[in-house]
Every structure is written in structure tokens, then in C-alpha cells.
Amino acid sequence: MQNKINFPFTAIVGQDDFKLCLLLNLIDPTIGGVLATGDKGTGKTTTVRALSQLMGEDFPFVNLPIGATEDRVLGSVNLEALINQKKTIVDKGLLAKSHQGFLYIDEINLLNDYLMDVLLDAAASGGYHLEREGISEWLDSRFCLVGTMNPEEGELRPQLKDRFGLSVAISTPKDIKLRKKIALQRLNFDTNSTEFYEQLKEEESVLRAEIISAKNKLVDVVLTEKVQNEAAKLTVEANVEGLRADILLLKTTRAYAALLGESETTKAMLYKIAPFVLAHRSNDFTPSKDKENSSERTLKEEEKKENKELQQGSNSFQLPENIKNGLQFSIPQASKKKVEALPTNNELVKSPYIAKEADHLAIVKTIKNYIVTRKFTKIYQQISEKASAKIVFLLDTSASMAVDKQLGFVKGIIQKTIASYPSKKIEYAIVVLENSSAKILQYFTTDSKRIQEASYQLKAGGKTNLGSAFLRVFELLKSINTKTVQLFVLTDGKINAGHESPFDFAVKNYKMYLSKLSNTTIVDTENSFVKLGKAKQLAKALNLRYVPFSSL
């Protein structure tokens, strides 16, 4: 019997805060769960079930009905085994079955007081004693509690509300386009759930890998002194009782940094997650828009200043307007001058066959091996498949790329490169900078239209954090034969975010995570009147092939 397919997690739109809170709890289960309050029909239950599907069958997901009996929740003695086999066997309850997974309760505010007390005890101690028919057995029950509720139907007991690590308010979206998208997504899923899921299966796998990667990196994330001080300041200002909120602010910020692939926490990360930790613990907490947006405003102000300096020059000398307007830069327009393609490695395109294990047992080889060695070792069949070439475009889309239409030329290069190598065996992916960090814009695909459409949407803005971008490339290339990969880094080299020493941070990350790549090219996009040569400096520091725009 085929398992029921739930709506994919990556297809859910309009639930960004709730999705983020759930992911943070997956990365660090000690955060203590999520309470989602809001209107009916906003997809709260759908989102939780989608996350369970995302993590796979080995991830426990238990739905605790509000009308469940005590035996069903805690467990009971198996009477059939006791009578027929004269053995005392305990059938685990829902609490024990949720160990190392999610315990989900819809309408948690309607749960009876007794079960609510049991939940509180189990959440605090990591398990409970089952007392039944003369037996007493300890059952482990460390779970991530996820509760959803509509406040109009009654409030939640303060003791249980405080046990939730994070809380998020969900409202019905008012944006017309968003509502249309949500409705159409659901319609397509209900029409053919299997086909809908298959279209997003790759994205689901990638997100699952990112979660696992973040879990592994969690303990290495540095909690900076600034973040620790600011977290304590926020809890004092919010008049929060106890120190649970202080601990959770640090845990959640650290998990958020791990999710972003960053090596240390920042105030911007803290301000992002603070409402989730403090809103349900304090009546005095009001998210400060000034604090939440101060980092963004500062970046924009610095970008404006940087752009002004780039356009006018950092010294006091400025060209007269009549002369400046007459200068002709060498960046060509795609419609006026031929846009050259990147010099891809033809040997890479003709990549060799790669052998890998199949799931089928090679019976003859296994028997022969046993006759020779007298040891039974399963030998599986080897299958060979043609390894497709994989080309990654790492694109600098920072604010400085808006000067002299550099970004427009980069788009033209991508389109021309794809057109020059029409082979279906070539897969392309795009990683871009975003908000002083980076993200994977397009995963590997042979669909050239998807790559071109993704590149059309690119806009210049933010700072240049190549250190973070190299980490995104590393995540993209996990479980991939690096011999089949060619990386093009298109940047002006003006690295100014990600660390106290952004340039050194980028160099360190490349050497640490991408040193095995044998085909990386730095494409220098700088075309300002006065060249700083930062991209060339980066190529030299990493001993990589360097190609300036002028040679394309």
C-alpha cells in the first residue's frame, strides 16, 4: 500500500515565520517546540505534516488528539501477551512514540488539564514513569512539542505556554497575488499529488540536507559577545521572569546562524528571532522596528555611500559633467555588441563514466568470493553512468555591480554560455549574494530556460559576502563528484561583509570547503574608471584562473 503523500514543505507559501521556527527546532531540538496561534484554515496543520514528510520515515511524528485517553497517551500493558504468553509487555503510548521527533497537538488550548500536566512533566524531565498493573517503567520521551490553536476558542495555560520555546502568530494573507498562488498550489496538489510532489522532490532533498548540515555545524557556531549582551538587554527590557528566555534567545540565534551557514551570530540574527522567543512570555515586549531594521538601514546607507564614492571617486577630484558624459566605457550592450561566452573546459564536458553500486546483489561474484575467502561478503552489482558536466555560476549581485551596468553584462554572459554549449549532459546551477549573505538561486538543472529565467530576476543590492557564498557552493556540491564541476565566480572582488576581515574570511572558506575543485575561474567584472583590482587579488590568493571582462 502506497504511503499517503502530504503537501510538500517547500511548496508552502505565506508561512515564512512558522516554517523558520520549525526548522530551527529541527536544528536544535532543545529549543523546545513551537506554538502557532492564528485563524482557522491558514495551513498550520498542513505545514507541520509537510515537515514530517520532509524529514522521512525515520523521523517520528505523532499526532495527539485532544480527546485521547490516558492509556493511549501514556501506554498500557499488552493484555494479549500477558494472557497467552505470560509475559508483561508494555505498549508504548503516544508520548513515548514521539521520542526524538515531533509531538503535534491541534487545538492544544482545548486539551484537558490532566494530559496537560503530563505534557509539562514529560517536557521538563525528558520522559515519564508508566505505572500500570503492578509495573513501573521509565519511558524516554524527549520530543519537540508543536501546538496550534485559535485564541478565540480559549487561552492556553501560562505554564504550558512558557514551555514552548518559540511562538508565532499566523494570520490570513490579504495580498491578492499571494492568495491566488496558495489556492493554485493546493488545487494542483489535489489534482495529482504524486506528480506535484515529484516536481519538488529535489528541493525537498536539498532542504533536508541543509537541515542535517546545520545540525552538524551547530556546536561550532560562535556566540559573539555583542549578541550575548544584547540578548540579556532584550529580556530585561521585556520584564521576562526567570532566565529561560535568555537561554532560548542564544540557542535560537545560534540555530539561525547554522541554518544560514554562518560561523558566528550577529545582532541582525538576534533581532530576527527575538519576537518568536519573547512575544508569548512578556506583555511588555514590542518588537522594535528600529532595531529590526537598523542593520538593513545601515547597509543601505553604506551602499549608497559606496555607490556615490564609486561614481564620483573617493578623493576630492571630480570630472566636469561635460567630460564625464562623454566618456565611453567598454561594457557592451547585448543588442549592440556580441556578448562572449565563458571559456568552459571541454575536457570537463566530456567527463568519463563513473561506476557506482546498484541495489541488486551480484550472486555469482558473491559465491566466488566466498569460495576463495571462506567469508560471506555481499557484493553488489556495479552500474556505470555518464557523468554530466556541472557548471556553477557564483554571481556577485551586490550594490557595486549596479555601477556601469555590470550585472546586465553578467546576465548576457550566462545566456551566451548556455547557448554555446547546448548539450543536455551539462547541468547548470546559480548561487547569488543576498542581503549581505548568499543563497542557492537555482539548483542543478539541464533546463536552460530555468537558468535564464532565474538570471533575468537578478537585481543588484546588498554587500559582498563571498565567504558565505563559498559555503553555499559547498552545500550545493555535497555528494557530487567534484571532478565534474566547473565553478565561475563573477565578481568585482569588493568583498565587504561576512567577517571583521571579509576578504580573508572568503579566502579561508574557499580553501577549507572548495579546495578540491580543480576548475574554478574568477571572472573580474570590475569596469569602473579607476580599477582597484580586487578580483585579481582574490584569484592570486587562491591560485585560481583569472579572466577579466576585457578579455571576453
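Aromatic pairs, for which the centres of Phe, Tyr or Trp rings (for Trp the six-membered ring) must lie within 6.5 Å, with planes under 30 degrees apart counted as stacked, over 60 as edge-to-face and the rest as tilted, come to a count of 9 in this structure. One of them joins F189 and F196 in an edge-to-face arrangement, with 5.8 Å from centre to centre and 80 degrees between the planes. The structure is a predicted model, in which local features need pLDDT of at least 70 and side-chain atom pairs count only at pLDDT 80 or more, while totals for chains, interfaces and linings use all residues. Residues are numbered from 1 along each chain as its sequence is written, and side-chain values use heavy atoms, with hydrogens and water left out.

F189 is buried (buried means under 20% relative accessible area, exposed over 50% and partly exposed in between, with a 1.4 Å probe and protein chains only), its own relative accessible area being 6%. F196 likewise counts as buried, at 6% relative accessibility. A further aromatic pair, formed by F393 and Y428, is stacked, with 6.0 Å between the centres and 0 degrees between the planes. This pair links distant parts of the chain, for F393 belongs to strand β12 (residues 389-395) and Y428 to strand β13 (residues 426-434), 35 residues apart; helices (H or I, at least four residues) and strands (E, at least two) are DSSP runs numbered from the N terminus. F393 counts as buried at 0% relative accessibility, and Y428 counts as buried at 2%. Returning to F189 and F196, these two residues form one aromatic cluster together with F7.

The strand that carries F393 can be followed further. In β12, 7 of the 7 residues are buried, so the strand is largely enclosed by the rest of the structure. Both of its faces are covered, since A389, I391, F393 and L395 on one side and K390, V392 and L394 on the other are all buried. Strands are taken as paired if DSSP finds at least two bridges between them, and β12 is joined to β13 by 7 bridges, the two running parallel, with V392 standing opposite A429 in β13. Strand β15 (residues 485-491) also runs parallel to β12 and is joined to it by 6 bridges, and here I391 stands opposite Q486.

K390 leads back to the aromatic rings, as this lysine lies over the face of F444, at 5.9 Å from the ring centre; a charge sits over a ring if NZ of Lys or CZ of Arg is within 6 Å of the ring centre and within 35 degrees of the ring normal. A comparable placement is that of K19, which lies over the face of F9 at 5.1 Å from the ring centre.

An open sheet of 5 strands has the order β2-β5-β8-β1-β9, with parallel pairing. At its edges stand β2 (61-63) and β9 (166-170), each with a single partner strand, so one side of each is left without a neighbour in the sheet. Neighbouring strands of this sheet are turned by 15 degrees against each other on average, direction ignored; axes are lines fitted to C-alpha atoms, for helices over the stretch in contact, and angles run from 0 to 180 degrees between N-to-C directions. Within the sheet, strand β1 (residues 34-38) and strand β8 (residues 144-149) run parallel and are joined by 4 bridges, with A36 opposite T148. Helix α1 (residues 16-27) lies across β1, β5, β8 and β9, and runs at about 160 degrees to β9.

Two residues that are not glycines have a positive phi. Q100 has a value of about 65 degrees and is placed in the loop between α5 (94-97) and β5 (102-106), where Q100 counts as exposed at 55% relative accessibility. E107, with a phi of about 55 degrees, is found in the loop between β5 and α6 (113-125) and counts as partly exposed at 27% relative accessibility.

The last site is S468 in helix α19 (residues 466-476), a serine that counts as buried at 0% relative accessibility. Its side chain makes a polar contact of 3.1 Å with the side chain of S437, a polar contact being a pair of N or O atoms within 3.5 Å in which, within protein, one must be able to donate a hydrogen and the other to accept it, while residues adjacent in sequence count only if both atoms are side-chain atoms. With neighbours within four places in sequence left aside, S468 is in contact (heavy atoms within 4.5 Å) with E262, S437, A438, F505 and N509.
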